[in-house]
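Q: Please take a close look at one part of this model and describe how it sits against the rest of the chain. I would like the side-chain pairs and the burial of the residues treated together.

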Amino acid sequence: MNSQLIDQLRLRLGANGLPYEIPMHPKLVHLTLGLFIIAVLFDIAGAIFPIERPIFKFLGLTAIRSGFFDVGWYNLLGASIITFFTVAFGFFELLLANPPINQKSDWGLNASWTMLLHGLGGVALLGIIVAMTVWRGLQRYRWRKDASRQVQWCYLLVGIAMLGILYIHGTLGGQLGSEFGIHVTAAKLLQEGVNPNLLPK
């Protein structure tokens, strides 16, 4: 925990070690994940639309191929913007963290290494998501604006690979909360053998 930062900002920390009741980083992480996953899945759905069209027709659903690509594009744009806030809150909450020193995760990493990898990974993922947004925008507005398939196959492959990377990165973040109890009051109390019902109101 960075005591100098706390003093400079005159923060009053609650039971979870944060100046607010609910950690913001995990909330924003799930928003980033949701937007990015929807973006990739809808772009895939748009790319294989000729295969799906008979199914939609059978089900009586009116679906337009460009509609899938619109959803893909705007969700990716949203993910790109939100991820700046996700990473910013992540670093702020990491600075206020008080990691345990004699504990290892299921992956054999201590809390400091997990925090370091999660922090660096977050910055790298922000850069990749922004780069993918620029790439996707060029496809939408320049390279393939007159094509029926708005996205390149290599773009979709990168998107699928990113889903796997996000899963690994998210698991690291989950370990910080569930295994090390960082900013998770109930997990921390349980590790200390304290009844979570005694949580200060």
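A: The account below starts with the whole chain, turns to helix H2, and then follows its partners.

The model is predicted, so local features need pLDDT of at least 70 and side-chain atom pairs count only at pLDDT 80 or more, while totals for chains, interfaces and linings use all residues. Residues are numbered from 1 along each chain as its sequence is written, and side-chain values use heavy atoms, with hydrogens and water left out.

The chain has seven helices and zero strands, where helices (H or I, at least four residues) and strands (E, at least two) are DSSP runs numbered from the N terminus. Read from the N terminus, the order of elements is α-α-α-α-α-α-α. Of the 201 residues, 38% are buried (under 20% relative accessible area; exposed is over 50%, partly exposed in between, with a 1.4 Å probe and protein chains only). The accessible surface of the chain is about 11,900 Å², and carbon and sulfur atoms hold 67% of that surface (Shrake-Rupley method, 1.4 Å probe; for residues, only the protein chains shown count as cover). Among contacts with a separation of 6 or more, 71% are between residues 24 or more positions apart, a contact being heavy atoms within 4.5 Å.

Helix H2 is the part examined here. H2 has 24 residues and spans 35 Å from its first C-alpha to its last, close to the 34 Å expected at 1.5 Å a residue (1.5 Å times one less than the number of residues). The buried residues of H2 are His25, Leu28, Thr32, Leu35, Phe36, Ala39, Val40, Asp43, Ala45, Gly46 and Ala47. Those buried residues pack against H3, H4, H5 and helix H6 (153-178).

Ahead of this helix, Pro23 sits in the loop between helix H1 (3-9) and H2. Pro23 has a relative accessible area of 15%, so this proline is buried. Leaving aside residues up to four places away in sequence, Pro23 touches Asn16, Leu18, Glu93 and His183. For one of these, Glu93, the C-alpha atom is 7.8 Å from that of Pro23, although the two residues are 70 apart along the chain.

Within H2 lies Thr32. With a relative accessible area of 6%, Thr32 is buried. The side chain of Thr32 makes a polar contact of 3.0 Å with that of Thr86 (a pair of N or O atoms within 3.5 Å; within protein, one must be able to donate a hydrogen and the other to accept it, and residues adjacent in sequence count only if both atoms are side-chain atoms). Beyond four places in sequence, Thr32 touches Ala79, Ile82, Thr83, Thr86 and Ile129.

Asp43 brings in the charged pairs. A salt bridge is a side-chain nitrogen of Lys or Arg within 4 Å of a carboxyl oxygen of Asp or Glu, and by this rule there are two. Asp43 pairs with Arg136, with closest N and O atoms 2.8 Å apart. This pair links distant parts of the chain, from Asp43 in H2 (residues 24-47) to Arg136 in H5, 93 residues apart. Asp43 and Arg136 are both buried. The salt bridge between Arg140 and Asp70 has its closest N and O atoms 2.9 Å apart. Arg140 is in H5 and Asp70 in H4, so this bridge ties together parts 70 residues apart in sequence. Burial is uneven here: Arg140, at 12% relative accessibility, counts as buried, whereas Asp70, at 31%, counts as partly exposed.

Aromatic pairs complete the picture. Rings of Phe, Tyr and Trp (its six-membered ring) pair if their centres lie within 6.5 Å; planes under 30 degrees apart are stacked, over 60 edge-to-face and the rest tilted. The count by this rule is eight. For Phe49 and Phe68 the ring centres are 5.8 Å apart and the planes lie at 55°, so this pair is tilted. Phe49 belongs to H3 (residues 49-59) and Phe68 to H4 (residues 65-95), 19 residues apart. Both phenylalanines, Phe49 and Phe68, are buried. Trp73 and Tyr141 form an edge-to-face pair, 5.8 Å centre to centre with 80° between the planes. This pair joins Trp73 in H4 to Tyr141 in H5 (residues 111-143), 68 residues apart. Trp73 counts as buried at 8% relative accessibility, while Tyr141 counts as partly exposed at 42%. Phe49 and Phe68 also belong to one aromatic cluster with Phe42 and Phe56.
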